[in-house]
Number of protein chains: 2
Amino acid sequence: MKRILIKDLPDESGNEVLINAVVSVVRQQGKMAFFDFRDYTSTIQGVVFGKPEVLEIAKEVGEEYSVAVKGIVNARPDNVVNDKVENGDIELEITAIEILNKSEPMPFDLASDLNIDTLLDNRPLTLRRAHEQAIFKIQSTIVKSYGEFLRGQGFTEFQAPKIVGGDAEGGAEVFKFKYFKGVQAFLASSPQVYKQIMVGVFERVFTIATAFRAEKSATSRHLSEYTSLDAEFGFIEDHHDIMRMETGLMRYISASVEENNSDDLSVLKMDLPKIPEGEMFPHMKLREAQELIKEKTGKDSTAEPDLEPEDERWLCKYANEELGSDFIFITHYPVSKRPFYTYEDENDPGFTKSFDLLFRGVEITTGGQRVHDIEILRQKIKERGLDDSLFEFYLQVFRFGIPPHGGWGMGLERLTQKFCDVKNVKEATLFPRDINRIDTLTSKDKSEEAEL
Amino acid sequence: MKRILIKDLPDESGNEVLINAVVSVVRQQGKMAFFDFRDYTSTIQGVVFGKPEVLEIAKEVGEEYSVAVKGIVNARPDNVVNDKVENGDIELEITAIEILNKSEPMPFDLASDLNIDTLLDNRPLTLRRAHEQAIFKIQSTIVKSYGEFLRGQGFTEFQAPKIVGGDAEGGAEVFKFKYFKGVQAFLASSPQVYKQIMVGVFERVFTIATAFRAEKSATSRHLSEYTSLDAEFGFIEDHHDIMRMETGLMRYISASVEENNSDDLSVLKMDLPKIPEGEMFPHMKLREAQELIKEKTGKDSTAEPDLEPEDERWLCKYANEELGSDFIFITHYPVSKRPFYTYEDENDPGFTKSFDLLFRGVEITTGGQRVHDIEILRQKIKERGLDDSLFEFYLQVFRFGIPPHGGWGMGLERLTQKFCDVKNVKEATLFPRDINRIDTLTSKDKSEEAEL
């Protein structure tokens, strides 16, 4: 008998079918047994009654067992129709069960609230929860729609290397290791260098890169390894072209999540982001944001070169309530707070044509226009006290011409976190690496989660 | 004036337009100047004549300059129509040029044949060649169509971590580094562990992963870092289900390359792969392949546990000429040559339900069915002398149930190489890392390319 996918069972009413599935829930009730089955397409309830030989096997079947099940597809009696689940109006009257693989009994109630360490230490099991499945189905949609939108805008995808010979950002903490012949190598903290090289090749490029940060921070916002959704493109007027492109992108991603993940949003009890009309999200300069915070809350951080996490939360609340947007751009960070390759605004000296995009309380993107003139770039490398011999490969881009350009880097996990409204970015990371964790805790020390 | 994309110029006949472009070729001819311009959509020839003030600027413009150009779109005279290039029937009569960024003169003739070190040491420049653009446009299509096909088959994409706490393959050479608090960490040599975890979550999964190999091999086939197109799925009968899925995938990728990259194939002078009808590429057991080689060539390697590169080339030639296929599966490698998690064929003890896929002379995929029974798996870990405490996180997958499953890993760069028929896998890698190279050579030693 050929396997029927669970999503196709509504078309099989009255027929005997074969499904392959994993058992999510078992309810043994004397001479009856109920099962929730799942495959990669949907879920269905199965029931055994009046068949002693089947019931005998059914009694052995526990949660997370893999099974091949034969049964007849029946409409459920009206009084047990459940509109809230997939296939809630049908059930499978089981005629045979074959056990394909067993499972140990569950070590804890999968449906209960789990603390973060239990959730992460038991990832192979806890990822199977409907809540976790919903998060990572949404993450998959984000990645898919990211590529779709950018390809539609003429961008070409490329693969950025992770082993690098120097740290281009000249700031972020990096992991080091010995390469062949004792050569010092690093794990890339960003695909920045390579994006700029690729603008020279294809003008519009994106990459779904892994970035590594050896920051000694144990917070709900930090990861040692994350997925960076990067893009870069040429012939821009200024950073506003990039912000417009990213606004269109976020609109498209949100529409894709709506189309593909409405069930997952229900599981998470989440709404789609609030996105206003217009070609660009609300935006303001850093100093304007600081003045606004001072005026509305009395908190004076106008002398600071950056926003604190609580400022970002306040601005997002303001954007949501006053501007009808869950997204807000903050522009014109000071030259000193941005990497050497950031373009200084000729009309606002000391400040850059750069931006952060804030979404529901956190910064999810850093972007901006880049310097394209090699003399200015050499000057900026020198001013930072960086060793320009490390940059000779990179500087080829500028020696041999590159149009005015810019782009962004966006943390996939933070974006997922905020789409799903989970508290800790690690809940939106399949296998998070942090200062204390590579799959399991690396020591018996309890991780200290500072909620910054 | 608003920028017009070069691909849209045929609709602008007779109009004055503005384009933004990079200069690919300059031909100064006394009172005339000719340019080949490119943007991310197409190319066009521009010509200056009879405008002294424009010609003066045009004389400053060199190759790889970024420019904003105004001009009138004209049909070319019949005698200079060129069918072989895009927009070969029109040209831009230039009325104004603005230089947006300059370039140094080209250090060598970009259109000439370049040796591999020149090609790689000058990657930011050499990637702009039409030949290299063609290779990486095809690579981008492969990645895009890989995801499209698998999503269409119900697979969910996920992100596999690159920092790992142990080496799951227990064989491949791995890069090591110190993580936080002196903990030893490794760069993942494969996403295998995580794929299997994810089968428990979504049943059908794929990932576009980076894999790292610290193999001390300097050949035209080896890279220290490569992109692994991985997939894994549950409820299979045996390895033939995986081979059928991969056959469908390759057929889809080839069709996508045909649809999106016909110009690129022309640049590379390449044909699409020869793919026969049927749901599975030609396939034979390793021992059958060895017998065939012995029978047809006299070379006796029937006692060997694996194929040598020259055997792979011979089998591919045979498949092409005798079986009408550029792809051929070789199955049933001996247990000793495969990782511990490989499923042993109950009907052919000592040999595994595993396969390699050969394409135009090289192995591009290793795949197979995996052990899903935890007792067998523990036994196999013990037999290999591996430390099973390293596997506790992984073993959760099997403790808590997993359907019969399997999958493949496929090297993107090798696949690209063979689609494009370039000699060295590094030519199909944007920024190849090998024993001697991270962007540029890591020492003055010349890399020794053994053509194995």
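This is a short chat about a predicted model with chains A and B.

Me: Hi! Is this predicted or experimental, before I start poking at it?
Reply: It's a predicted model.

Me: Thanks. How many residues does each chain put into the contact?
Reply: Chain B contributes 77 residues and chain A contributes 77 residues.

Me: Which helix gives the most on the chain B side?
Reply: That's helix α4 of chain B, residues 130-152, which supplies 8 residues to the side touching chain A.

Me: And how do the residues on that side divide into nonpolar, polar and charged?
Reply: On the side of chain B that touches chain A, 34 are nonpolar, 23 are polar and 20 are charged.

Me: Do the copies meet through the same surface or different ones?
Reply: The same one: 100% of the interface residues of chain B are also interface residues in chain A, so the two copies share that surface.

Me: What turn and shift lay chain B on chain A?
Reply: A turn of 180 degrees with a shift of 0.0 Å along the axis does it, and the RMSD is 0.0 Å. That is how a two-fold axis relates copies.

Me: Which C-alpha of chain B is nearest the axis?
Reply: The one of Phe177(B), 2.6 Å from the axis.

Me: Switching topic: what does strand β1 of chain B pair with?
Reply: There are two partners to mention. β1(B), residues 16-29, is joined to β4(B), residues 66-75, by 7 bridges, and those strands run antiparallel. β1(B) also has 7 bridges to β2(B), residues 32-38, again antiparallel.

Me: Which residues are bridge partners there?
Reply: Val17(B) has Gly71(B) in β4(B) as its bridge partner, while Gln28(B) is partnered by Ala33(B) in β2(B).

Me: What's in the turn between β1(B) and β2(B)?
Reply: The hairpin has 2 residues between the strands, and Gly30(B) there takes a positive phi near 60 degrees.

Me: Now helix α6 of chain B. What span should it have?
Reply: α6(B) covers residues 239-260, so its 22 residues at 1.5 Å each should span 32 Å. The end C-alpha atoms sit 31 Å apart, which agrees.

Me: Which of its residues are buried?
Reply: Among them are Ile242(B), Met243(B), Glu246(B), Leu249(B), Met250(B), Ile253(B) and Val257(B).

Me: Why might spacings of three or four matter in a helix?
Reply: An α-helix has 3.6 residues a turn, so residues three or four places apart point the same way.

Me: Last one: how is chain A divided?
Reply: Into domain 1 (6-101) and domain 2 (116-441). Their C-alpha centres lie 45 Å apart.

Note on methods: Residues are numbered from 1 along each chain as its sequence is written. Chains are lettered from A and ligands numbered from 1 in the order in which they are written. This is a predicted model: local features need pLDDT of at least 70, side-chain atom pairs count only at pLDDT 80 or more; totals for chains, interfaces and linings use all residues. Two strands pair if DSSP finds at least two bridges between them. Helices (H or I, at least four residues) and strands (E, at least two) are DSSP runs, numbered from the N terminus. Domain bounds come from an automatic or database domain assignment. The expected span of a helix is 1.5 Å times one less than its number of residues. A residue is buried if 20 or more other C-beta atoms lie within 10 Å of its own, exposed if 12 or fewer, and partly exposed in between; C-beta atoms are placed from the backbone. Two residues are in contact if their C-beta atoms, placed from the backbone, lie within 7 Å. Ala, Val, Leu, Ile, Met, Phe, Trp, Tyr, Cys and Pro count as nonpolar, Asp, Glu, Lys and Arg as charged, and the others, Gly among them, as polar. Copies are superposed by least squares on the C-alpha atoms of residues with pLDDT of at least 70 in both.
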